[in-house]
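Work through the exercises below with the model open beside you. Each task is followed by a stepwise solution.

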Amino acid sequence: MSRQNKNQSAHDRRVRSLANTLKNEGWKVQADLSNFDQPDPIGNDGRIPDILATRGNRTKIIEVETPSVLSTLK
């Protein structure tokens with residue numbers, strides 16, 4: 001789904017904040033942002049997750065949605 005520039009900026013700030021928090025907690029983080037390694041596409045449709053974090057044998061896949069995107073899903 002496309003986001004308007006204002007919403008994209010809010011989305012990217014939230015992704016960056018979460019990614020940095022996970023890095024500070026000791027997770028190896030890949031994020032769909034500049035200055036981060038980009039995660040590989042996953043799933044049948046080959047979508048790139050906002051964040052893929054691993055630590056030991058644990059993996060977190062995180063998608064961030066802004067309120068404007070969520071309102072279009074209703």
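Buried means under 20% relative accessible area, exposed over 50%, and partly exposed in between, with a 1.4 Å probe and protein chains only. This is a predicted model: local features need pLDDT of at least 70, side-chain atom pairs count only at pLDDT 80 or more, and totals for chains, interfaces and linings use all residues. Residues are numbered from 1 along each chain as its sequence is written, and side-chain values use heavy atoms, with hydrogens and water left out.

**Exercise 1. Lay out the elements of the protein chain.**

Step 1. Fix the terms: helices (H or I, at least four residues) and strands (E, at least two) are DSSP runs, numbered from the N terminus.

Step 2. Count the elements: the protein chain has two helices and three strands.

Step 3. Read their order: from the N terminus on, it is α-β-β-β-α.

Step 4. Add the totals. The protein chain has 74 residues, and 27% of them count as buried. Its accessible surface is about 5,300 Å², with 45% belonging to carbon and sulfur atoms. These areas come from the Shrake-Rupley method with a 1.4 Å probe; for residues, only the protein chains shown count as cover.

**Exercise 2. Describe helix α1 and find which residues are buried in it.**

Step 1. Take the length. Helix α1 covers residues 5-24, 20 residues in total. From first C-alpha to last it reaches 28 Å, close to the 28 Å expected at 1.5 Å a residue. The expected span is 1.5 Å times one less than the number of residues.

Step 2. List the buried positions of α1: Asn7, His11, Val15, Ala19 and Leu22.

Step 3. Look down the axis. The buried residues of α1 fall within an arc of 100°, so they line one face of the helix. The arc is that of the directions from the helix axis to the C-beta atoms.

Step 4. Recall the general rule. An α-helix has 3.6 residues a turn, so residues three or four places apart point the same way.

Step 5. Turn to the face away from the buried side of α1. It carries the exposed residues Asn5, Lys6, Arg13 and Asn24.

Step 6. Check what comes next. Just after α1, Gly26 has a positive phi of about 95°.

**Exercise 3. Work out the strand order and pairing of the sheet.**

Step 1. State the criterion: two strands pair if DSSP finds at least two bridges between them.

Step 2. Give the order. The sheet is open, with three strands in the order β1-β2-β3 and antiparallel pairing. Its edge strands are β1 (28-31) and β3 (58-62), each pairing on one side only.

Step 3. Take the β1 side. Four bridges join β1 to β2 (residues 51-55). Ala31 has Ile51 as its bridge partner in β2, and Lys28 has Thr54.

Step 4. Take the β3 side. Five bridges link β2 and β3, again antiparallel. Here Thr54 stands opposite Thr59 in β3.

Step 5. Inspect the hairpin. Two residues lie between β2 and β3, and Gly56 takes a positive phi near 60°.

Step 6. Sort the faces of β1. Val29 and Ala31 form the covered face, Lys28 and Gln30 the uncovered one.

**Exercise 4. Compare Asn35 and Ile48: where is each found?**

Step 1. Locate them. Asn35 is in the loop between β1 and β2, and so is Ile48.

Step 2. Classify them. Asn35 counts as exposed because its relative accessibility is 75%. Ile48, at 30%, counts as partly exposed.

Step 3. Check the backbone of Asn35. Its phi is near 70°, a positive value in a residue other than glycine.

Step 4. List the partners of Ile48. Contact means heavy atoms within 4.5 Å. Leaving aside neighbours within four places in sequence, Ile48 is in contact with Asp32, Gln38, Pro39, Pro41 and Glu63.

Step 5. Take the spacing of one pair. Ile48 and Asp32 are 16 residues apart in sequence and 7.2 Å apart, C-alpha to C-alpha.

**Exercise 5. Is Lys60 buried, partly exposed or exposed?**

Step 1. Place Lys60: it is found in strand β3.

Step 2. Apply the cut-offs. Lys60 has 30% relative accessibility, so it counts as partly exposed.

Step 3. Find its contacts. Not counting residues up to four places away in sequence, Lys60 touches Leu22, Trp27, Ile51, Leu52 and Ala53.

Step 4. Take one distance. Lys60 and Trp27 are 33 residues apart in sequence and 9.4 Å apart in space, C-alpha to C-alpha.
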